[in-house]
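Hi,

Here is the structure I promised to pass on. Have a look at it first, and my notes follow below.

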Amino acid sequence: MSNNDWHFIANKAKSLVNEAAQQIKKSLKNERIVEYKSNPNDLVTEMDKQIESFFDEEIKKEFPSHLILGEEGAGKEISTLDGTVWIIDPIDGTTNFVHQQRHFAISVGIYEDGVGKVGIIFDVMADELFMAVAGEGAFLNGVKLPSLNEAIVKEALIAVNSGWIIKDERLISLVRDCRGTRAYGAAAIEMASVCANRTDAYISLNLSPWDFAAGAILIKELGGKITTVEGNELNLLKPSSICVAKPGLYEQLQSHYFNRK
Ligand code: IPD
Ligand code: CA
Ligand code: CA
Ligand code: CA
C-alpha cells in the first residue's frame with residue numbers, strides 16, 4: 001500500500017475514534033449496564049460492546065478486506081496477522097469508566113502483515129488524541145511529540161500497578177530504586193504517558209494484544225523500546241507481559257532487574 005493509502009486509512013481511523021468518543025461521552029448521562037467476565041473485577045459494559053460493534057461495522061463497510069480483532073469478541077478466530085488487521089480496544093480502562101467516568105481510552109492499532117502502521121490512543125475525557133503513522137512521527141492533538149530522551153532508574157517515574165508489585169520480587173527492587181511509581185489503570189493511557197514524557201516506563205505482567213497494539217506503534221515511533229518483560233519481541237496474537245521504556249532506561253531495566261545474568 002502507498003503512503004497515500006495509509007494516510008487515507010489513518011484519517012478514517014481518526015474520525016471513527018472521534019465518533020466513538022462522542023458516543024461514549026453522550027452515554028455518560030445514562031445508567032451503565034455492568035456485567036462480569038472472568039471474575040467480579042473483570043467488568044464489561046454495554047458501551048464496550050456497542051463501541052466495538054460500531055468499529056466492526058464501519059470498518060467492514062469502508063474496507064471490506066480488512067480484519068478486526070477486538071477485546072469484546074471481534075475476530076476471535078484470527079490466527080495470523082496476514083493482511084491488514086485493526087486491533088481495537090473499544091474502552092481501555094473499563095473499571096475507570098464504571099467507577100470514575102474518566103481515565104479511559106479508545107485504542108486502535110492497524111497492522112499490515114504484522115508490521116505496525118497506524119497507532120491511535122484517545123484519552124476520551126482528557127480530549128487527548130495520540131496518533132502515529134509509521135515513519136512520520138507521533139502527534140498529540142496534532143502537535144508533533146519530541147523523540148524520547150534517555151532516562152535512568154534512579155530518576156525515573158515508572159507506571160506499574162500494585163497488584164503486580166506484591167507478586168514479583170523483581171518489581172519490589174525496582175520500586176525501591178526508582179524515583180516514584182504511578183498507576184492510571186488503563187494500559188493505553190500508561191503507554192501514552194510515556195509518549196508524552198509524563199512517565200519514563202510502564203511495566204505489566206499480563207496484557208492482551210488490544211491493550212498494547214496502538215501503544216507499541218506510538219512508542220517505537222518516538223524511539224522508545226517495547227518488549228515482553230523478559231526482553232522478547234511482542235506477539236500481537238497472544239497475551240504477554242510488557243516492558244515499555246525510554247532508551248537507556250530500557251537497557252537498565254533489562255540488565256539490572258529482568259534479565260540478570
Ligand atoms: C485493562 C486495563 C488495565 C490493565 C488490565 C487491562 P480493560 O483493560 O488496561 O490497566 O491492567 O490488564 O485488561 O479491560 O479495561 O480494557
Ligand atoms: Ca476488559
Ligand atoms: Ca484494555
Ligand atoms: Ca477494553
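Two strands count as paired if DSSP finds at least two bridges between them. Helices (H or I, at least four residues) and strands (E, at least two) are DSSP runs, numbered from the N terminus.

Before the details: this is a predicted model, where local features need pLDDT of at least 70 and side-chain atom pairs count only at pLDDT 80 or more, while totals for chains, interfaces and linings use all residues. Residues are numbered from 1 along each chain as its sequence is written, chains are lettered from A and ligands numbered from 1 in the order in which they are written, and side-chain values use heavy atoms, with hydrogens and water left out.

On to β7 (residues 128-133). Strand β8 (residues 138-140) runs antiparallel to it, joined by 3 bridges, and A132 sits opposite A138. On the other pairing, β6 (residues 115-123) is antiparallel to β7 over 6 bridges, with M131 as the bridge partner of I120. 6 of the 6 residues of β7 are buried (under 20% relative accessible area, 1.4 Å probe, protein chains only), so the rest of the structure largely encloses this strand.

Then there's the calcium ion (ligand 4). Its protein donors (N, O and S atoms within 2.8 Å of the metal, or 3.2 Å for Na, K and Ca; water is not among the atoms, so sites may look incomplete) are E71 (OE), D89 (OD) and I91 (O), at 2.1 to 2.3 Å. E71 also bridges to the calcium ion (ligand 2), and the two ions lie 3.9 Å apart.

Cheers

Key:
Buried means under 20% relative accessible area, exposed over 50%, partly exposed in between (1.4 Å probe, protein chains only).
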